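Biologist: Please take a close look at the salt bridges here, and at the sheet beside them. I am new to this structure, so keep the sentences short.

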Amino acid sequence: MLKKMTALALSFCIALGAVGCGKKEASNGGLTDGYACTMIVTPESVKLDKEFLEKYKDVKNVVLPKDYDKNLDKITDEIASFADNEKVKCIIVCSDKEGILPVFEKIKEKNEDITTIAAGVEEMQNENKQNDAIMDEDINIGFNPTDKDNDKNAVRMVEALGAKVFVNYIDEFVKDEVESKQKNRDMQRECEKNGIKYEEVVVPGMKDENDSKTAEEFIKKDAVAKKKAYGDNVALYGCRGAMDKATIEAAIENKLMVPNIHSLDSTKLYGDILGVDVSGSDYTEINSKISEKLKSMGMEGRLAGTDIPEKVFCVEIALDTSNKLYKKKVKENELLSDIRADIKEKTGIWAEYNSMKYYNNFLRTVEMYPILY
């Protein structure tokens with residue numbers, strides 16, 4: 001399988017403060033029949049690799065019921081009850097539906113010494129609610145995926161792919177925005193610097209930012225024209241997630257390239273498009289299945305994606321962090337350099353950090369490099 005490098009970004013906030021061990025009596029919460037030093041709470045959609053979890057002896061992964069959003073008060077009370085058990089020192093929470101944020105306040109009310117980690121909490125994907133998580137002082141550490149640097153990284157991948165033409169599909173909602181215009185200019189300059197033809201195409205008629213059907217109809221037709229005009233050394237890129245499926249399918253149909261996508265779970269998206277079973281949690285095996293299918297279609301090394309779902313990665317880094325705090329006794333002021341080293345081990349490159357202070361929390365950007373299928 002051909003593997004090259006593209007980039008995704010994670011942002012995380014970290015509130016520095018004393019972390020310790022609570023000494024309270026156990027409470028029987030309905031979500032668990034046992035307790036561990038680190039309790040990880042995940043939705044069913046976030047499948048953690050069993051081999052990864054087995055590296056850590058004192059960890060328990062609790063999976064939320066499918067309809068957990070229907071009774072959030074009860075669910076958050078049950079998660080908070082983990083803090084009553086004297087074994088528990090850290091609670092990591094991941095969500096794929098909004099409404100879970102109050103759990104952190106409930107945990108701290110029970111035991112303020114418990115370390116709380118938000119790992120891919122859904123509110124962080126909603127621009128109108130991000131600050132609720134960033135400025136929540138009941139969250140000690142937070143990791144969250146973002147596609148902030150997707151545009152820049154798409155151009156980097158175009159160069160790695162050897163594409164001669166970069167087609168950037170934008171919609172009518174962003175074409176006149178100042179920030180969007182600046183991003184597009186930056187992409188164009190980067191393309192020209194590397195001898196790549198940049199072509200910006202407006203997708204007309206989209207009803208809203210989530211109108212994938214209109215995007216699909218237009219992009220698939222336009223991709224045929226681009227193939228006819230430029231051959232197969234063309235990379236297709238959409239400005240938002242609603243265009244991901246269209247660009248991938250159009251690329252496959254016309255033997256073109258996709259240098260980056262916005263999906264936080266590219267394994268599922270590729271699995272759905274290619275008819276590949278990606279229901280397991282062995283992501284090495286899943287990526288091999290996707291690559292083999294693409295190879296059989298003559299598309300090896302022409303489509304980009306992340307090697308694991310980004311929320312899974314958030315939980316993995318959160319668990320690494322908890323292990324450092326409580327098993328390796330790493331000091332809090334050394335955590336960032338340790339996390340940086342972990343990312344180098346996982347991806348082969350050093351992470352870059354940009355920081356912005358929000359009261360006693362820090363929002364940071366971590367750039368990482370996944371694979372090309």
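Modeller: **Salt bridges and the sheet**

The count comes to 19 salt bridges, a salt bridge being a side-chain nitrogen of Lys or Arg within 4 Å of a carboxyl oxygen of Asp or Glu. This is a predicted model: local features need pLDDT of at least 70, side-chain atom pairs count only at pLDDT 80 or more, and totals for chains, interfaces and linings use all residues. Residues are numbered from 1 along each chain as its sequence is written, and side-chain values use heavy atoms, with hydrogens and water left out.

Start with Arg240 and Asp171. Their side chains form a salt bridge, 2.4 Å from N to O. Arg240 sits in the loop between strand 9 (234-238) and helix 8 (244-254), and Asp171 in strand 7 (residues 165-171), so this pair ties together parts 69 residues apart in sequence. Helices (H or I, at least four residues) and strands (E, at least two) are DSSP runs, numbered from the N terminus. Arg240 is buried, at 17% relative accessible area. Asp171 is buried too, at 0%. Buried means under 20% relative accessible area, exposed over 50%, and partly exposed in between (1.4 Å probe, protein chains only).

Next comes Glu199 with Lys226. The closest N and O atoms of this salt bridge are 3.4 Å apart. Glu199 is in strand 8 (residues 197-203) and Lys226 in helix 7 (residues 212-230), so the pair links distant parts of the chain, 27 residues apart. Glu199 is buried at 19% relative accessibility. Lys226 is buried at 7%.

Lys207 and Asp211 form another salt bridge, at 3.9 Å from N to O. Here Lys207 is exposed, at 68% relative accessibility, whereas Asp211 is buried, at 9%. Salt bridges also link Glu216, Lys220, Lys245, Glu249 and Glu253 in a network.

Now the sheet. It is open, with three strands in the order 8-7-9 and parallel pairing. Two strands pair if DSSP finds at least two bridges between them. Strand 8 and strand 9 are the edges, each pairing on one side only. From one strand to the next, the twist averages 20°. Strand 7 and strand 9 run parallel and are joined by five bridges. Val167 stands opposite Leu236 in strand 9.

Helix 5 (residues 150-161) packs on the sheet and touches strand 7 and strand 9; contact means heavy atoms within 4.5 Å. The direction of helix 5 makes about 170° with that of strand 9. Axes are lines fitted to C-alpha atoms, for helices over the stretch in contact, and angles run from 0 to 180 degrees between N-to-C directions. Helix 8 also packs on the sheet, touching strand 7 and strand 9, at about 165° to the direction of strand 9.
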